[in-house]
Structures are given as C-alpha cells and as structure tokens.
Amino acid sequence: MGLLIVLKADWPRLSHDYFNLAIARQLFPDILFTALRNTAAYTAMGFVFGLGFGLLLALMRLSVVAPYRWVANVYIEFFRGIPLLLWLFFLGYGVPTATGAQLPGQPYSPIVLGLGMPAAAYMAETIRAGIQAVPKGQAEAARSLGMSHGQAMVSIVIPQAFRIIVPPLTNEVILLTKDSSLVAILGVTIGTKELTKFGRDALNQLVNPTPLVIAGLCYLIITVPLSLVVRRLEARNNRAR
Amino acid sequence: MKVVKVIPQTSSQVEVVSTASDAAIEVRSLHKSFGALEVLKGIEFHVDPGEVVCVIGPSGSGKSTLLRCINLLETPTSGKIWVSGQDVTDPDVDIDAVRRSIGMVFQQFNLFPHLSVLENLTIAQRRVLRRSRSEAEAVARANLERVGLADKMTAYPAQLSGGQAQRAAIARSLSMGPDLMLFDEPTSALDPELVGDVLEVMRGLAAEGMTMMVVTHEMSFAREVADRVVFMDDGIILEEGRPEAVLGAPQHPRTRDFLARVLNPGHRAPPLASDPTIA
C-alpha cells in the first residue's frame, strides 16, 4: 500500500506545492523571529497562568472546606467541557459586545486568559493527581516535625508532586503549543501573528501551500527540544528518588 | 476480660498519676474508631519523664494507633491525652507546637526523597524553629555524627540502606530537640542484619535519659532497654510491668500465647484448659 503511494505519487508536483524552496525562502526570517517567537510566547503565557491557577484549583479541590471544592469542581468541569474556540470567541467578541469595552491589557490579556484559563482546568487535575500520589507518610513526617499544613505542602508535598507529574505536564505544554494557533481568531496584527496564522496568510499571499508545511515543521522546533529537556530532567529526578 | 496488673517494683509505676502534669504522656479512657471498627477500646496509659516504655502485641492490636493518637496523627474518637501536662485533645491546642516537642520515627522512615540527608535534617529546623542555616546545619551535623552518618550528609535518601535511612530519620527528629520520642515499629521494615545499628542508636538515646515510647517486635530490645513493657491486644492494654515480669513470667494467657509465637515462631504455647479465649 505504502509502496503503491510512493510509486504513483506525482513527485514534481508535490515538491512544487509543498516543499517549494523558492517560496520557503521568502518566509524567513519572519517565520522564526515573529511567528515562532509569538507561538512560544503565547504558549509560555498560557502555561505560566495555567500552572499557577491550576495549582490553586488543585489545592481547592483537595481542601477540607467544601465550598472551595465545589467552586473548583464547577470551574474544572466547565473549562474542560467547552471548546477552546468558543471560549476565545467569547473573550474576543462576547466580552466587548456585552460590556462595550475590550478587556484591559490588550493585546495580551485575551491571549493569557484564553489559553490559560482552560489550561488551568486541565493542569489542576494533573496537579491534584500528583499531590495525591505523594505517599501519606511524607505529609505525616513533615507535620510530626511541627510544620503547619501549609509548610508541609509547600516544602515537602508539592515539590514531590511536581516531580511525579512532569510527564503529563509536558504533554499539556505540547497540546497548549498547538492550541495557541487558535488565538488567531482574536484578530491579529502583523506583529502578533503566530505560526499557523502566519502560514495561512503566506499561503494566500503566495498561492502555494508550502508555508503551511514550514509552519508545521516550526512547531517541532519547540516540542522536540522540550521533550528532550524533560527527559533529562526526569533522569535526574529518578536518581534522587 | 480481666486486666492483670503485674506487681510493681516501685509504687510510682502502678499508681495512676493523679495530676496529669507529672507525666510525659498521660492517656485516659482513649477510644478510637475507624468507621464501624473500634481499634482502641478504652486505653489508660502513661509514660513518665525519662522512662522507656515498649508496647508489644499482635498486629491489629491497636498499638500503632495508640502511638499515632499521641501526636494527633490520628484524632481520638473520645478520651483525653496530655503531653508534658498539655491537653492535646483540647480543640484550641496549637498542635504544631505540641508536635515540635515530640519526635516521631516511622516504620517506613519517611525521609524526604527530594532533599539531601542534610536538608532532611535542616528543613524543619529552619522553617519551624526559624534557625539560621549555619545553626541548623551545625545541629544536623552533630546529630548525624551521633547516629554514625557523618559521611552521608550530601547523600540522597535513595542512596541509603534501610538501616542508614532509619538512623537519618532518628537524627532528623532529634534535630528538633524533642522532649520525648515515639517509635512506630522502627525496625520492622529493615533487613535483619540492619536492625542492630538502629537499636544501638535507640539504646544510646535511652541511656541518655530520653523519654521513649516504642512500638516494637524486638523482644530482646524490650527486655534489655525498657523500663516497662505494655502488652496490648484487641484494643486494650492487657498487661504491663517490668520487662522481666511481662516477658519472663506473663500473667495473662494471651500474653503467654503471643510471646510463645514471637519467641518461637512455628510453635504455639500449650493452651490453658482454663482459658476459653484460647482455642
């Protein structure tokens, strides 16, 4: 089957449409210094917000105070359930229509909230699972030494939980990297285009799909090194375990 | 069920301390249930300052639960507990402050795996006692030397043998300067050849006058080091007294049966015809 495709394919046509070097050359350096940089920046913003807020939500879900748990549960179920595109649309168009004003902190606030708030919901569940995977004896030992609940969490339980959740958290960063392509619907200027939008615009302009392929490959420039760094980190953690 | 009181050597060991403040640990009519399961069924228990008390008994008898109730890792269902005269069952008590003065050693060591041995010993000193780094490290170093681990300061817990890990855990507790130490089966998770080093450290502590409550299966340790041995079975204290009395001439048939099984594994004590609880 695979062989058949290789034999029957129209190779000159394929390379002209999808691997057209003349076209590709025109994308540089903007695709790296604007589009790739923006993709990385949006991902980082969403991740930092998601991680911080996700940790708070995870602690709320594990709280002995029932209303905290309820609020966190509703939040998590809501944001895990709605499509990201819908949420971005709401932030970019719903909020201005309803209030007559844009969110303060343009153009980054809708990006941070748009990517970060749903990411927080996913990460909250990951972090919660990580905290629960730390053996109960760890918190007991910390409390027995006179640490408060908060001190035991901050110094003993959470650092160990994060070691446990490095692999699933990496997964979420990679998903977030690709989800960052959706922020294009918020409306972008030349300076705020990320990889996918950049590729699509270049496709229209140059009437050739090669930019999409190059943009796609650029995602790997983020995700592959990330995976390698994480693998190193894990190996180091396992030695200390 | 009848509780056999062994004839005491000194009067202070049998008379229930009337003012709670005299005792290092004072437990009165303690009950603890997990759901429908009643694990402690009315415990009267005390440890005097400087005393070493070993608690023995079959698994499931409630001895670890009793120990864990004393620093409130388990919340008593009812009853009262005083530690150094302070009512720890009072809802307003500052439990973190109480725990600061109680060292706890766990069966599974519970060292912090993400921290070096030195950091394991300093983190609570710094966070809880607010000691400076140099002061905390000096205390930690002294305690590691005391348990024979001065050369393991920079090691991580995963790099230690079980015996070394447990000694580091003891040193960690000692670094907080506790008034008394609780040991929850400290040698039960160790390979037999590593038990000796840990018991040696505990022997040294006892000799220095540390108040100790030790839940253990090490009968020779209990016989040699304990001032008093307490036998628990099925959530109550059945028998207590000098080690040579409880271990050498047990009065209660259940104690006899238990000791026979522990000291001669594979053999059972001859059942007493008069006792219906032994089948």
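# A tour from the interface into chain A

Start where the two chains meet: across the interface of chain A and chain B, two salt bridges are found. A salt bridge here is a side-chain nitrogen of Lys or Arg within 4 Å of a carboxyl oxygen of Asp or Glu. Before you click further, note that this is a predicted model, in which local features need pLDDT of at least 70 and side-chain atom pairs count only at pLDDT 80 or more, while totals for chains, interfaces and linings use all residues. Residues are numbered from 1 along each chain as its sequence is written, chains are lettered from A and ligands numbered from 1 in the order in which they are written, and side-chain values use heavy atoms, with hydrogens and water left out.

**Stop 1: the salt bridges.** Select Arg68(B) and Glu140(A): they form a salt bridge whose closest N and O atoms are 2.6 Å apart. Next, pick Asp96(B) and Arg143(A), whose side chains meet in a salt bridge at 3.1 Å, N to O. This pair crosses between chains, running from helix 2 (residues 95-100) of chain B to helix 8 of chain A. Helices (H or I, at least four residues) and strands (E, at least two) are DSSP runs, numbered from the N terminus. If you would like to see the salt bridges over all chains, the structure holds 25 of them.

**Stop 2: the whole interface.** Now show the residues in contact, meaning heavy atoms within 4.5 Å. You should have 21 residues from chain A and 26 residues from chain B. Which residues of chain A lose the most area to chain B? They are Glu140(A), Ser144(A) and Leu145(A), which together make up 29% of what that side buries. Between them, chain A and chain B bury about 1900 Å², 58% of it on carbon and sulfur atoms. Buried area is the accessible area (1.4 Å probe) that two parts lose on being put together, summed over both.

Turn on polar contacts too: nine residue pairs, both at pLDDT 80 or more, are in polar contact across the interface of chain A and chain B. A polar contact is a pair of N or O atoms within 3.5 Å; within protein, one must be able to donate a hydrogen and the other to accept it, and residues adjacent in sequence count only if both atoms are side-chain atoms.

Colour three helices of chain A next: helix 8 (136-144), helix 9 (149-164) and helix 12 (210-240) each supply at least two residues of the side that touches chain B. Helix 8 of chain A gives the most, with eight residues. By class, the side of chain A that touches chain B has seven nonpolar, eight polar and six charged residues. Ala, Val, Leu, Ile, Met, Phe, Trp, Tyr, Cys and Pro count as nonpolar, Asp, Glu, Lys and Arg as charged, and the others, Gly among them, as polar.

**Stop 3: helix 8 against helix 9.** Stay in chain A, where helix 8 and helix 9 pack at an angle of about 145°, with their axes 9 Å apart. Axes are lines fitted to C-alpha atoms, for helices over the stretch in contact, and angles run from 0 to 180 degrees between N-to-C directions. Among the residues making the contact are Ala139(A) and Arg143(A) of helix 8 and Ala152(A) and Ile156(A) of helix 9. The contact divides into five nonpolar, three polar and one charged residue.

**Stop 4: helix 6 against helix 7.** Select residues 84-99 and 108-133 of chain A: the axes of helix 6 and helix 7 come within 10 Å and cross at roughly 145°. Residues in this contact include Trp87(A) of helix 6 and Met117(A) of helix 7. Nine nonpolar, one polar and no charged residues take part.

**Stop 5: a cis bond.** Finally, zoom in on Phe28(A) and Pro29(A), joined by a cis peptide bond with omega near 0°. Pro29(A) lies in the loop between helix 3 (21-27) and helix 4 (30-61) of chain A.
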